[in-house]
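Reader: I am new to this structure and would like a careful, close look at one part of it, namely the pairing of charged side chains. Could you take me through what is found there, with the terms explained as they come up?

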Amino acid sequence: MKLQPTTLRTFTTLHSWVGLVAGFALFVAFYAGAITVFHTALQQWATPQPASTGSLDEAQQLLDAVLARHPSAREHLGMTFPGYELAQPTAYWQDRHGSWLFATPDDLAGSPDKPGASLPDLVNALHYTLGIPLFGNWLMGVVSLLYGVALVSGVVVHLPRLAKDLFALRPGRNLKRFWQDAHNVIGVLSLPFHIMFAVTGALLCLLFVLMLALDPLVYGGKLMTASAAAMDTAPARPEAGIARPLAPLASWHARSIEVARQHGIADFKPGYLKLDHAGDAHAVVEITGDSSRALGSGAVALDADNGAVLATQLPGTRDANHATLAALYSLHYGDYGNVAVRWLYFLLGLGGAFLSYSGNLLWIESRRKRRQAQQGRAQIAMARATVGVCIGVCVAISAAFIAAQLLPLLAARLDWNVGVAERWVCFCSWALCALWAAWRPPVRAAQELLGLAAIVTALVPVAHGVASGWWFWRSAAAGHGALFGIDIGALAVAIGFAALARATARRGRNGEPNSVWANAVATTR
């Protein structure tokens, strides 16, 4: 296939500029997204290991106590089953002011602080919103759309020589060609996954905006009513005004498994429930759970009094709305398979971060002034921004990991909110790295921040061992795969940062002298 030179230049320009506009946000989203694939494992790693997992009897006691002590919870209450994310069950509801409260068997009074570690939510917030409140998810939706444009334009640019250059990886003195080859190979081989990430990311971030836009045409101005029916399994039932006791929680648990088996799902595992109108004759409980080899969670809605099945949304029998939502979430986060799928998504996330980073490097290199030491302001500014934002967020996330282990040791004495303190550590570390990159020559800043990233990341398993006693060799011996995997993974990433720091130093000494990455480059501030 041969394209006209004008067409090729147009798509090359489109690919470059769209990639630059969205590149920084995409690097953060991919790097944090690679980690948040292990959301549940990270919760276990960051939470002190209890002596044993809670029981359904303990969950029943929690449910009874919350409903008795908090009247507002009777209207709508959610509760996780023991072992879903935390060993103990957790109940949550909104008070009369609309604020969320959380209760556990150890705290029946309720607290606005969510139980468990806040680190997984912080990493997911970086992936989903860049840590920006209010409109961050909409921003990432727009970035996902730009990402899709960059993918399409990149395919058009490289399509004419795709067969020739697909597996060409030519190391040597021509570093631009090597980075170009690596960028092309990773981009093309992972293209189907990246298209899926772009589509699902845009829909997950902009779904509510899309529904608002379609409200007059599709929903006739009744969006809120229609969206509840589209996203929930349990039918909306008004209160009957007749008092009636709830069936035991264990019977709901067993009944949901029985119904799932009747639909051909042999390993349905209830994760959490939603209870409406507790104590009323029309009380409804919706139980959501997971099963292996299924795309997304399934749900069973029961009459909370007699256990009669009111509705189901189970894999293989879901309606179009629920099947689409389940597919979007599962495909994006990779929670439809075993640990091998999660590791594949982890590598794809790192690959996506590499595409964003290498794209910026290629832009800088393509505009290099080869006949003079003095480089342009735009190239130097882009180099500093790339180093500060991209390497800086790697340092910041590793610092947050360390804070997640060490801050709880100080929080009780200093009356700190651990979640808030973690965010301060993360974003202050990121800001300091960006400031350092803005002050230092690009190659020096890159070498120093990569070295810092290697040190901080290598300290992650050390902090975990000091704080919890679960050193990675002890985790391996005890069969705690999640703890062992995160600690060893951190060490592997630290080695990667150290190798990159060494390569950057070598590039500064021996590479092309007229470059922003040369030790002797003359920079303009």
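Author: What follows is a walk through the salt bridges, with the setting of the protein chain given beforehand.

This is a predicted model, in which local features need pLDDT of at least 70 and side-chain atom pairs count only at pLDDT 80 or more, while totals for chains, interfaces and linings use all residues. Residues are numbered from 1 along each chain as its sequence is written, and side-chain values use heavy atoms, with hydrogens and water left out.

The protein chain has 17 helices and eight strands, these being DSSP runs numbered from the N terminus (H or I of at least four residues for helices, E of at least two for strands). Of its 525 residues, 46% are buried, where buried means under 20% relative accessible area, exposed means over 50%, and partly exposed lies in between, judged with a 1.4 Å probe and protein chains only.

Side chains of opposite charge can pair when their charged atoms come close. A search of the whole structure finds seven salt bridges, each being a side-chain nitrogen of Lys or Arg within 4 Å of a carboxyl oxygen of Asp or Glu.

One of them joins R244 to D305, with N and O 3.5 Å apart. R244 sits in the loop between α9 (223–231) and α10 (249–262), whereas D305 belongs to the loop between β7 (298–303) and β8 (309–313), so this pair ties together parts that are 61 residues apart in sequence. Both partners are partly exposed, R244 having a relative accessible area of 35% and D305 one of 26%.

Another salt bridge lies within a helix: R255 pairs with E258, the closest N and O atoms being 3.4 Å apart. These two residues are both in helix α10, three residues apart, which is about one turn of the helix. R255 is partly exposed at 24% relative accessible area, and E258 is also partly exposed, at 39%. Elsewhere, D232, K274 and E286 are joined into one network by salt bridges that share partners.

A further pair is formed by K114 and D121, whose closest N and O atoms are 3.5 Å apart. Here, too, the partners are partly exposed, with a relative accessible area of 48% for K114 and 33% for D121.
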